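Hi,

Here is the structure I promised to pass on to you. Have a look at it first, then read my notes underneath.

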Amino acid sequence: MEGSKLMDRDEKIFRIAYIDNNDYVNGCDEGLCISIWFQGCPHKCPGCHNSHTWNFDDGIVMTNEQLLESIFTHHHDNGILRNLSVLGGEPLCKENVNATLFIIDKFYEKYHDLSKIFLWTGYTMEEIKNTMPKEVLKTLTKVDLLITDRFEINKMNRLLRFRGSSNQRVWKSKKGFFGRKLINITETLTNID
Ligand code: SF4
């Protein structure tokens, strides 16, 4: 992706593994959320619990606009506000990154006072900063909690909050004097009781 220009976000077609409009599990302790599992992952971490999402030819074909419409339609079903969780698969690989940026930008624009956004990626923060177009990091500063890094089975710990292995890092978006930025809060997190 280095140096490449992202494609027209409105035209992008990609694949979704699954959508849960009533997810109580992947909401980072913040309540009900709409969870989007993108199809396709280049990392193939040994021990991955979502290996059915690896194949880029599986899943359901969607457009950016179809996915956004689905999210907005269910955002406050039954009068209950939902957050947005973006998972995979890999939301930031070249096949999925356009759709990921599109839905985050639109969701944030409409609901940032009401709802939170969470995103899990296997990429490291260093890869995001050094190998991806600058607009990826810019949009990710709108994500309330960002979990980065591959899952490493030899560092697996079921008591860790928001992540599966101890090498993975958690970043919180904060508004600063020069705009939003992502702060590494991994060391401040307590384990699950
Ligand atoms: S990045 Fe996530 S979905 Fe991809 S192989 Fe690793 S654990 Fe599985």
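Below is what turned up, starting with the sheet and ending with a loop residue.

Two things before you dive in. This is a predicted model, so local features need pLDDT of at least 70 and side-chain atom pairs count only at pLDDT 80 or more, while totals for chains, interfaces and linings use all residues. Residues are numbered from 1 along each chain as its sequence is written.

**The sheet.** Helices (H or I, at least four residues) and strands (E, at least two) are DSSP runs, numbered from the N terminus. Two strands pair if DSSP finds at least two bridges between them. Here you get an open sheet of eight strands with mixed pairing, in the order β3-β1-β2-β4-β5-β6-β7-β8. β3 (60–63) and β8 (179–184) sit at the edges with a single partner strand each, so one side of each has no neighbour in the sheet. From one strand to the next, the twist averages 30 degrees (axes are lines fitted to C-alpha atoms, for helices over the stretch in contact, and angles run from 0 to 180 degrees between N-to-C directions).

Zoom in on β2 (residues 33–38) and β4 (residues 83–87): they pair in the parallel sense over five bridges. W37, for instance, has L87 in β4 as its bridge partner.

**The helices.** Contact here says that the C-beta atoms of two residues, placed from the backbone, lie within 7 Å. α1 (residues 64–74) packs on the sheet and touches β1 (13–23), β2, β3 and β4, with its direction at about 90 degrees to that of β3. α2 (residues 97–111) also packs on the sheet, touching β1, β4 and β5 (117–120), and its direction makes about 165 degrees with that of β5.

**L146.** Which residues does L146 touch, not counting residues up to four places away in sequence? They are L119, L140, W171 and L182.

**A loop residue.** R161 lies in the loop between β6 and β7. It counts as partly exposed because it has 13 C-beta neighbours inside 10 Å (20 or more would be buried, 12 or fewer exposed, and partly exposed is in between; C-beta atoms are placed from the backbone). Leaving out residues up to four places away in sequence, R161 touches L189, T190, N191 and I192. L137 is 24 residues from R161 along the chain, and their C-alpha atoms are separated by 23 Å.

Cheers!
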